[in-house]
Amino acid sequence: MPGPFAGCRRGGALSRPLHSPGVRRIALDAGGLTLSALLAEPPGAPGPPRATIVALHGGGMNASYFDGQAHSSLSLLTLAAGLGYTVLAVDRPGYGDSAQKLPDGQKLVEQAEALRLALRDFASGHPLGAGVFLLAHSYGGKLALTAAARGLHEELIGVDVSGCGHRYATAPPTLDPGLSGSGNPRLNWGPLRLYPPNTFTLAASVVAGMPAWEATEAARWEQVFPEVAAGVRVPVRLTFAEHEAWWRHDAEAVRELSGLLTAPRLLVEHQPAAGHNISLGWAARSYHLRALGFLEECLQPRPVNP
């Protein structure tokens, strides 16, 4: 039986996805490597943004994951910009404009360094506001945690990750983890009723080939997670979808994860009526608002003990 993407051409560096009003495509210099990104800024704001959200997509996707076009409620970029935040959704190394130069992608530590340099380039011409907040999905969550542990930015204030845990509930993803319909779409999507009807007809602008290094690194994540987790020194929020099938998120797994991720504050939550690709489903707005609520909490001054 064909998967939900049957008949869709897989998007990559050559695809030009649709964008929401106010969202524009930019290029970032990551130490000589050009990374493409989508940028949304607060409309008509005379001063700096409240903060800057750096959004990191998962494996086999691209930055347009955060600007879903199947329904007006899906876009994180327009929602957050309307609330006073700058949102920078980056095509990770091996995707978008860097796909041709890096057909095999990069290791996580290399991606973390590229992201650091790209953010430095962005900050040279754009105010960041009160700091940088990482919002990431799936494989992008691995990068977000790795980058946070390696000191991405001196003003990093928090990390919000969906669709990424520390123990697989199934075999680690391969080069084609069902995104194009040739694998098992249940892992990535869950029940298809959770998504707007146009989701899969617009999929060619969101789906991309998964670079070889990512499949290799994905298989090692369970082993490297404890070291990465020990290095994260900012508040972290993790969200698992109700129909998450890639990762264990039972009580035992959450207890173990919480013991390893010794961030100053850790929240582990579950998003009802959602599949792995939360930001493309009907639950997107609810999830994004919860993530932005966590960001608001990260912006609050810490109480000083008398």
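## Val159 and the main core

Start with Val159: leaving aside residues up to four places away in sequence, this residue touches Phe133, Leu134, Ala144, Leu145, Ala148, Val234, Pro235, Val236, Arg237 and Phe294. Keep in mind that this is a predicted model.

Val159 also turns up in the largest nonpolar core, a set of 56 residues in which Leu56, Val90, Val159 and Trp221 touch the most other members. Helix H2 (residues 108-123) hands over the largest share of this core, with eight residues. There's a second core too, separate from that one, with 37 residues that include Leu77, Ala80, Leu194 and Ile278. As a general point, nonpolar side chains in soluble globular proteins tend to be buried together.

## The sheet

Which order do the strands follow in the open sheet? Its eight strands go S1-S2-S4-S3-S5-S6-S7-S8, and the pairing is mixed. The edges belong to strand S1 (23-30) and strand S8 (266-271); each has a single partner strand, so one side of each goes without a neighbour in the sheet. On average, and ignoring direction, neighbouring strands here are turned by 20° against each other.

At the S1 end, strand S2 (residues 33-40) runs antiparallel to S1, and eight bridges join the two. Within that pair, Arg25 sits opposite Leu38 in S2.

Helices pack on this sheet as well. H2 touches S1, S2, S3, strand S4 (86-90) and strand S5 (132-137), and its direction makes about 115° with that of S1. Helix H7 (residues 251-260) touches strand S7 (236-241) and S8, with its direction at about 150° to that of S8.

## Ile53 in strand S3

Ile53 is part of strand S3 (residues 52-56). Is this residue buried or exposed? Its relative accessibility is 0%, and the cut-off for buried is under 20%, so Ile53 counts as buried.

Its contacts, not counting residues up to four places away in sequence, are Ala80, Tyr85, Thr86, Val87, Leu88, Phe133, Leu135, Leu292 and Leu295. One of these, Ala80, is a member of the second core, while Phe133 is also touched by Val159. Ile53 and Gly158 are 105 residues apart in sequence, yet 9.8 Å separates them in space, C-alpha to C-alpha.

## Where H3 meets H6

Helix H3 (residues 139-149) and helix H6 (residues 221-230) have axes that come within 10 Å and cross at roughly 35°. The crossing is left-handed. On the H3 side the residues are Lys142, Leu145, Thr146 and Ala149, and they meet Trp221, Phe225 and Val228 from H6. By type, the contact residues split into five nonpolar, one polar and one charged.

Two of the names have come up already: Leu145 is on the list of residues touched by Val159, and Trp221 is among the best-connected members of the largest core, touching the most other members along with Leu56, Val90 and Val159.

## His153, just past H3

His153 sits in the loop between H3 and strand S6 (156-162). With 15% relative accessibility, His153 counts as buried. Setting aside residues up to four places away in sequence, His153 touches Leu119, Leu128 and Val132.

## The chain as a whole

Zooming out, the chain's secondary structure adds up to eight helices and eight strands. Of its 306 residues, 57% are buried. Among contacts between residues at least 6 apart in sequence, 83% join residues at least 24 apart.

Definitions and conventions. Residues are numbered from 1 along each chain as its sequence is written. This is a predicted model: local features need pLDDT of at least 70, side-chain atom pairs count only at pLDDT 80 or more; totals for chains, interfaces and linings use all residues. Side-chain values use heavy atoms; hydrogens and water are left out. Axes are lines fitted to C-alpha atoms, for helices over the stretch in contact, and angles run from 0 to 180 degrees between N-to-C directions. Helices (H or I, at least four residues) and strands (E, at least two) are DSSP runs, numbered from the N terminus. A crossing is left-handed if the near helix is turned anticlockwise from the far one by less than a right angle, and right-handed if clockwise. Contact means heavy atoms within 4.5 Å. Ala, Val, Leu, Ile, Met, Phe, Trp, Tyr, Cys and Pro count as nonpolar, Asp, Glu, Lys and Arg as charged, and the others, Gly among them, as polar. A nonpolar core is a set of buried Ala, Val, Leu, Ile, Met, Phe, Trp, Tyr and Cys residues joined through side-chain atoms within 4.5 Å. Buried means under 20% relative accessible area, exposed over 50%, partly exposed in between (1.4 Å probe, protein chains only). Two strands pair if DSSP finds at least two bridges between them.
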